[in-house]
Structures are given as C-alpha cells and as structure tokens.
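Visitor: I should like to go through this structure by question and answer. Please show it before we begin.

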Amino acid sequence: MNLIRALDGKTDGFEINVSCSHSGALHGNLNLDFDHLQKLLNAIRPVTSLPIWLKLSYSPFVVEMAAEGEKAGADAIVCTNSIGPGMLIDIHTGLPKVGIKGGAGGVTGPAIFPIALRCVYEIKKAVAIPVVGVGGISSADEAIQMMMAGASAVELYTLPALEGPKVFGQIRGGLAAFLAARPHLSGISDIIGMSQDKAVAHRFSAPIPVISEEKCTGCGICVSSCSFDAIRLSGMNGETKAVIKDNCIGCNACVGVCPPEFNAITTRFQL
Ligand SMILES: Cc1cc2nc3c(=O)[nH]c(=O)nc-3n(C[C@H](O)[C@H](O)[C@H](O)COP(=O)(O)O)c2cc1C
Ligand code: SF4
Ligand code: SF4
C-alpha cells in the first residue's frame, strides 16, 4: 500500500500480481485464494484512482478469480502468469534443472500458449473490463490469436528475455503486415474478440481441411501424419498432389504438419 501511495501520480497505472505458479511451495496457493484477492483490492483500490490491472495465473478457478477482481475494482485482467509448478530434470545428474523448493517452478513460453489463450477467451466472456493476454507469445500470429480471443493488448516475457527487445518491432511489423493484407479491416481493434462468437459456433463441428493444389508439392508428409489413412497422394496434371479422402474425420492434425514454406493445408474457416 505504501508503494502504491509513493508511486501514485508518478506512473500510468499498476499491474498487481496476484498469482504465482510456485507460490504453493512458498506461501500458499494465491491462484485459488479469493479471500486474499478481495482483501488486497479492498486495501489498495481506495488508495489510488489510477488503473489497477490484476495479474492472474491459470487455475480451474481463474475465470471466477477474474470476476471477483472486477467486482473488487480492478480495471483490467492480465492473464496468465507462469503455469505450474512444472519440472525439468538434468539426465546427467538426475537433479532438477529449474525451480525452487522441491525442484518445481513456473512454466512459461510457447508450451503454455494454448492454455493462456483459452484463459483469455473464457475471462473475456465473464468480465466487462479489458483483458490483457500473456503467455507463450512468440510472433505476431500468437499476438493476433490473443486479440481474436478477446485481449485488448498483449504482454511478453520469455521471448524478449531470450532474444532481446528487437522482437517487439518484429511483432509490430507482423501485425502491420496482417492488417495490410486485409484492407477490409479498419484497424487491429476490429479483430479484438472476433473469435468469441466464431468459436462457439465452431465448438461441435469438425471441418475437413482444404489442400491447395497450387501450393502442394506432393512431399507426402501429411500422408504419414494422418492416423486415419485419410490422405493419399494422387497424380494430377502430371504432378503428385495430396488429396483428402472421404473417411477424413476433420481432426485437423495434418494442418499443422504441412511445412510452413508450402503452407498447403488450411482449415475451412478463414478471415
Ligand atoms: C524468470 C521469470 C520471472 C518472472 N517474474 C514475474 C514476476 O515477478 N511477476 C509477474 O507478474 N510475472 C512474472 N513472470 C511471468 C511473466 O510475466 C509472464 O506472465 C509469463 O512468463 C508468461 O508469459 P511468456 O510466456 O511471454 O513468458 C516471470 C517469468 C519468468 C520467466
Ligand atoms: S505436407 Fe503439404 S506439401 Fe506435402 S503433400 Fe501434404 S499438403 Fe502437399
Ligand atoms: S483432418 Fe485428420 S483425418 Fe482428416 S486428413 Fe487430416 S489428419 Fe487425416
């Protein structure tokens, strides 16, 4: 509270971290502690009129924590902090490679992106205040996904920590290129939350992917990736191309295996 008083007026706002993937080992699991969240916000909310962003971490109760935070006066929800605790073991020694007490520590970076994205998507449904997406963003693609899920802004830690501040310019460049290729969008705000309705409509459907005859090189990687024997290579106009068969169940596993330089398999749902 004293820190907030001291900084009040000298900053644009406060991001208050009420989350920690290894806090259970240190001082109780903050991610599940509704009482702590309420007491904290009840104490600091009256001290400043500047925006208070509440930083949460994934737990089965993260949506309820976000709603509670909004009720107690938070101006935005930031999600997610690191997730875990997780563990890595050095195979030469058998000792933990990361972490604190008991060799456990928070997991960050690309491994947590799908969970972070889902958190943002669900929290956006539950609160009226803005949501800020963080967790595993490594390129403009993930930043755009976060915004489509409902994030008004994004944050990064692991990527700039590993590669330096140049990544911010690269991501900004990627966002600009995304918009330039879609002149029907008036700006990045057009995509914020756009997947909220689309994802609901999409929930029970299993779209069959599309293979671009023009882009497919016939390398066959997708054929061996399909557990359902639902892609075959076929001769077309003197060239070999991949073709989806009638027994495709729409699992979309093959979409991710076509090498990015070919990018020949896409889902049916496009902007
Ligand atoms: C070494 C390290 C230290 C961190 N310390 C903090 C911290 O003090 N407070 C906080 O809110 N988040 C902290 N984080 C979490 C990050 O801010 C971020 O929420 C998380 O790493 C997920 O984003 P990323 O995948 O882009 O790194 C830390 C992350 C790492 C890797
Ligand atoms: S992986 Fe891509 S390029 Fe290779 S055969 Fe399949 S669709 Fe064609
Ligand atoms: S969507 Fe799934 S079942 Fe269909 S072709 Fe691709 S990998 Fe096979």
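Visitor: Of the contacts in the chain with a separation of 6 or more, what percentage comes from residues 24 or more positions apart?

Guide: This is a predicted model, in which local features need pLDDT of at least 70, side-chain atom pairs count only at pLDDT 80 or more, and totals for chains, interfaces and linings use all residues. Residues are numbered from 1 along each chain as its sequence is written, while chains are lettered from A and ligands numbered from 1 in the order in which they are written. Two residues are in contact if their C-beta atoms, placed from the backbone, lie within 7 Å. For the contacts asked about, the share is 62%.

Visitor: Is helix α6 mostly covered or uncovered?

Guide: Helices are DSSP runs of H or I with at least four residues, numbered from the N terminus, and α6 spans residues 140–149. A residue is buried if 20 or more other C-beta atoms lie within 10 Å of its own, with C-beta atoms placed from the backbone. Eight of the 10 residues in α6 are buried, among them E142, I144 and M148. Helix α6 is therefore, by that definition, mostly covered.

Visitor: Which residue just after α6 takes a positive phi?

Guide: The helix α6 covers residues 140–149. Just after it, at a phi of about 135 degrees, comes G150.

Visitor: How many charged residues does the shell around ligand 2 have?

Guide: A residue is near a ligand if its C-beta atom, placed from the backbone, lies within 6 Å of it. Ligand 2 is surrounded by 13 residues, the closest including C216, C219, C222 and C258. Asp, Glu, Lys and Arg count as charged, Ala, Val, Leu, Ile, Met, Phe, Trp, Tyr, Cys and Pro as nonpolar, and the others, Gly among them, as polar. The shell has 10 nonpolar and three polar residues, and the number of charged ones is zero: no charged residues.

Conventions:
A residue is buried if 20 or more other C-beta atoms lie within 10 Å of its own, exposed if 12 or fewer, and partly exposed in between; C-beta atoms are placed from the backbone. Helices (H or I, at least four residues) and strands (E, at least two) are DSSP runs, numbered from the N terminus.
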